[in-house]
Structure formats: C-alpha cells, structure tokens
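Please open the structure in your viewer and keep the sequence panel beside it, so that each selection can be followed in both places.

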Amino acid sequence: MISSENVSPTAHYTGEVWRRNGLSHPWLATAQGWAMFESLHPLMSASHALGGPSLETYLVARHLAIDAVLERAIERHGVSQVVEVAAGMSPRGWRFANRYGDRLTYVEADLPAMAQRKRRALRRIGSLSDHHRVQDLDALREDGPLSLAAIAEDLDPDRGVAIITEGLLAYLPADAVVRLWEQFAGTLAAFPAGRYVSDLHLGSVTSTLVRAFRLGLSAFVRGPVSLHFDEAADAEEQLRTCGFAMASVRPAARLAELPPESRGSMAHILEASTE
C-alpha cells in the first residue's frame with residue numbers, strides 16, 4: 001500500500017490542475033502544486049501532442065463527472081449531506097457549499113495534517129460554517145474518533161447522504177477497497193438515501209500509452225497504482241456484494257458530457273446506492 005506521505009503530493013498537484021482549469025479558488029492551490037505542475041508540464045504536453053493521455057485532462061474529466069453525478073444525487077435522489085473522504089485540496093466542497101447554501105451539509109474529511117491545511121484555506125476564503133466543515137479522518141479506520149462512524153454520528157439521520165472519494169482507490173490494495181466499500185455501504189444504509197460516487201481504474205482500458213501513463217503515475221506517488229477490476233461488471237458485482245443495492249460504472253467523458261477529444265476516456269466513475 002502507498003503511504004499517506006506518498007499520496008499527499010498528488011493532492012497538491014490536483015489542486016493546481018483544478019485552479020488552472022477554472023474549477024478552484026486560488027487559496028486552495030499550493031506552492032508545492034505549482035512546482036509539481038510545472039515540472040510535469042513538458043511531459044504532459046508531449047503526450048498530448050502525440051495523441052496520448054494527459055494527466056491534466058484525465059483529472060479534469062473525472063472531477064467534472066463526479067460533480068455531475070453528485071449534482072443529480074442532490075437534485076433527484078434526496079441527498080442533502082455529503083462526506084468527501086480523502087478530500088485533499090479539492091474545490092468541490094467550496095463550490096457546492098456556495099451553490100446550495102444551507103440546503104446542503106458538506107463535510108470534507110482527510111488525515112489530520114491535510115485536514116488542517118484545508119481548514120486554513122477555507123477559513124481564508126470564508127467558506128467554513130455549520131454546513132461546510134472539515135473533519136479529521138483515517139479512511140481505513142473502522143472505529144474511534146478518526147473513523148467514518150464518528151463523522152456519521154454528527155449527520156442528520158433523517159436526511160440522505162452521499163460519500164465521495166476521488167483519487168483514492170487506486171492507491172489501495174484490493175482487500176482494503178473491499179473493506180472500505182463494506183464500511184461505506186453499512187454507513188449509508190442508516191440514512192433514508194445513500195449514494196457512493198468515486199473514480200475507478202479498469203484493467204480493460206489498455207493501450208501502450210495508457211500503460212505508460214499508469215507507470216508514470218506510480219512513479220509520481222512512489223508506489224504501485226492498483227487495477228482491481230478488469231471490467232465495469234466486475235466492480236458492479238463487488239459493490240453489490242459489499243452491500244449496495246444498485247451499482248454502475250460508466251465513462252467519465254459520457255457523464256460529464258465531454259467531447260471525445262477531451263481524452264478523458266481512461267477515467268471511469270462508479271455510482272452505488274443503498275436504496
């Protein structure tokens with residue numbers, strides 16, 4: 001398993017990607033993210049020019065697709081509380097809190113050091129409130145003050161909940177992913193509506209360029225990037241086995257209505273429901 005120290009640099013990089021693509025607030029970007037983006041930019045530009053995958057376009061595609069699924073869950077499926085697990089420097093909480101106001105409770109959760117950095121940024125922006133907060137979380141802990149169960153205790157049991165993970169699953173071994181999904185399904189089942197939304201890598205999405213991209217991402221976080229499922233149907237079956245009543249895995253480009261040239265074809269988004 002990749003350690004949190006290795007994954008945390010990706011939170012800085014993605015924060016810079018979202019800022020440069022008009023999705024984030026400047027105070028959610030970091031100097032580390034700017035430096036990492038600049039160091040990788042020549043390689044990403046070369047890959048893009050050759051028709052290959054770009055880390056930037058991949059990240060934007062998956063981010064916009066998760067936004068689209070979450071928006072539908074709020075507007076159509078009774079979700080009015082969101083917990084974003086391993087939120088990093090994601091701007092989603094800030095944007096959705098601004099959009100929905102006190103109609104939505106948005107909890108951003110991460111390991112203590114990253115959570116503290118996020119609190120400082122959101123405090124500068126003026127976004128923190130009873131409806132938009134940051135809490136410490138170890139996603140793999142099943143009980144105690146750093147667990148998802150502790151966060152769920154503070155939520156309204158009469159309102160629907162969505163759990164979001166973005167950029168987390170690929171850094172976990174298969175058994176940890178299954179335990180995480182079981183924990184999510186069990187937590188969401190206690191609420192009248194429960195949705196889980198995440199990006200997912202599929203082994204069937206293969207090509208020389210995609211394999212090179214995956215190797216580059218592994219080097220970026222100094223550890224293996226895991227492929228847990230070859231096909232969407234495999235992941236959907238596992239989600240149902242973990243306790244979800246409904247599960248689907250679809251291309252991010254389709255969900256976010258992105259053009260084919262967006263090169264977001266590598267990104268897939270899972271949506272699972274406990275209803």
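Of the 36 residues in the largest nonpolar core, which touch the most other members? Select Trp 181, Phe 184, Tyr 196 and Leu 200, which are the ones that do so, and keep in mind throughout that this is a predicted model. Next, colour helix H7, which spans residues 174–188 and contributes seven residues, the largest share of this core.

Stay with Trp 181 and display its surroundings: apart from neighbours within four places in sequence, Trp 181 is in contact with ten residues you can pick out by name, namely Leu 169, Tyr 196, Leu 200, Phe 229, Ala 235, Gln 238, Leu 239, Cys 242, Phe 244 and Leu 270. A second core, separate from this one and made of 30 residues, can be found by selecting some of its members, including Leu 55, Ala 65, Tyr 100 and Leu 255.

Return to helix H7 and select Thr 187, which has its place there. Is Thr 187 buried or exposed? Thr 187 is buried, because its relative accessible area is 15%, under the 20% cut-off. Beyond its neighbours within four places in sequence, Thr 187 is in contact with Leu 148 and Ala 152.

Finally, show helix H3 (residues 55–76) together with helix H4 (residues 92–100), which pack at an angle of about 35° with their axes 12 Å apart, in a crossing that is right-handed. On the H3 side, select His 63, Ile 66, Asp 67, Leu 70, Glu 71, Ile 74 and Glu 75, which meet Arg 92, Arg 95, Phe 96, Arg 99 and Tyr 100 in H4. Sorted by class, this contact of H3 with H4 holds five nonpolar, one polar and six charged residues.

Note on methods
Residues numbered from 1 in each chain as written. Predicted model: local features only at pLDDT ≥ 70, side-chain atom pairs only at ≥ 80, totals over all residues. Heavy atoms only, no water. Axes fitted to C-alpha atoms, helices over the stretch in contact; angles between N-to-C directions. Helix = DSSP H or I, 4+ residues; strand = E, 2+ residues; numbered from the N terminus. Left-handed = near helix turned anticlockwise from the far one by under 90°. Contact = heavy atoms within 4.5 Å. Nonpolar A, V, L, I, M, F, W, Y, C, P; charged D, E, K, R; others polar. Core = buried A, V, L, I, M, F, W, Y, C linked by side-chain atoms within 4.5 Å. Buried < 20%, exposed > 50% of the residue type's maximum accessible area, 1.4 Å probe, protein only.
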